[in-house]
Amino acid sequence: MNRIELVRNEIDALLFNQNDKEIRRNGYFHLYGVAQCCSILAIRRGLNIELCTIAGLLHDIYSYKFGYVKEHAALGTFEAETVLIDLNIFTNAEIEIIKNMISNHSDKKHKHDKYSELLKDADLFHTSLYNLSFEAKHKERIKKIFKDLKIKRKLKKVPKKKNTKPEFLNQDNPIG
């Protein structure tokens, strides 16, 4: 029994039933991409490849099921737990590891357990490959990921903002 394939079937069914074609397309691209990045980082870091890959597949399940992003990590934890329990092929300990990874993956500022950190890194790494503004926002973490993977790449420089006020507030007569 290939547990990754069984979870993929669940993700495929969820995305197939997503009516918004753009959300569906992004879901396939991002969930499968992050899952692959999880596999690579798990190999590199000596963590359970199967559990990391499954967490990557499920990490944004709430966003792609409902098209809702705010608090998606916390809400996605419950969606992922439902999938894992329904499949009836995971131990409680495995479910807890995956839930914890998903719950923590949006909190890039704080340090969590090594599995949660792996999912955060996989999510950022995948996103940084096609969205360079993510490199700028999470430069230090992405540098560490690249170093871990022995990737030599210069990161995009972040231009310093001269002004944080909206444009109209800097004018003498903003109303006209």
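**Close-up 1. Partly exposed E22 and its salt bridge with R25 in the predicted model.** E22 has a relative accessible area of 42% and is partly exposed. In this predicted model, the residue forms a salt bridge with R25, and the closest N and O atoms are 2.7 Å apart. R25 is likewise classed as partly exposed, because its relative accessibility of 48% falls between the limits of 20% and 50%. Both residues belong to helix α2, which spans residues 21-45. Their separation of three residues corresponds to about one turn of the helix. The structure as a whole holds 15 salt bridges.

**Close-up 2. The salt bridge between D121 and R45.** The side chains of D121 and R45 meet at an N to O distance of 2.7 Å. This pair links distant parts of the chain, with D121 located in helix α7 (residues 114-128) and R45 in helix α2. The two residues are 76 residues apart. D121 has a relative accessibility of 6% and counts as buried, whereas R45, at 27%, counts as partly exposed. Side chains of opposite charge can pair when their charged atoms come close.

**Close-up 3. The salt bridge between E117 and R141.** The closest N and O atoms of E117 and R141 lie 2.9 Å apart. E117 is part of helix α7 and R141 is part of helix α9 (residues 139-148), so this salt bridge ties together parts separated by 24 residues in sequence. E117 counts as buried because its relative accessibility of 8% is under 20%. R141 is also buried, with a relative accessible area of 17%.

**Close-up 4. A network of salt bridges that includes E117, D121 and R141.** Shared partners connect salt bridges into one network. Its members are R44, R45, E117, K120, D121, R141 and D148. The pair of D121 and R45, with an N to O distance of 2.7 Å, is one of the salt bridges shown above. The pair of E117 and R141, with closest N and O atoms 2.9 Å apart, is another.

**Close-up 5. A nonpolar surface patch formed by F29, L129 and Y130.** Together, these three residues present about 320 Å² of accessible area. F29 is found in helix α2. With a relative accessible area of 43%, F29 is partly exposed. This value is over the 30% required of patch residues, and F29 therefore meets that accessibility criterion.

Notes:
Residues are numbered from 1 along each chain as its sequence is written. This is a predicted model: local features need pLDDT of at least 70, side-chain atom pairs count only at pLDDT 80 or more; totals for chains, interfaces and linings use all residues. Side-chain values use heavy atoms; hydrogens and water are left out. A salt bridge is a side-chain nitrogen of Lys or Arg within 4 Å of a carboxyl oxygen of Asp or Glu. Helices (H or I, at least four residues) and strands (E, at least two) are DSSP runs, numbered from the N terminus. Buried means under 20% relative accessible area, exposed over 50%, partly exposed in between (1.4 Å probe, protein chains only). Patches are made of residues with over 30% relative accessible area and no salt bridge: like charges are joined within 9 Å, nonpolar side chains (Val, Leu, Ile, Met, Phe, Trp, Tyr) within 5 Å. Accessible areas come from the Shrake-Rupley method with a 1.4 Å probe; for residues, only the protein chains shown count as cover.
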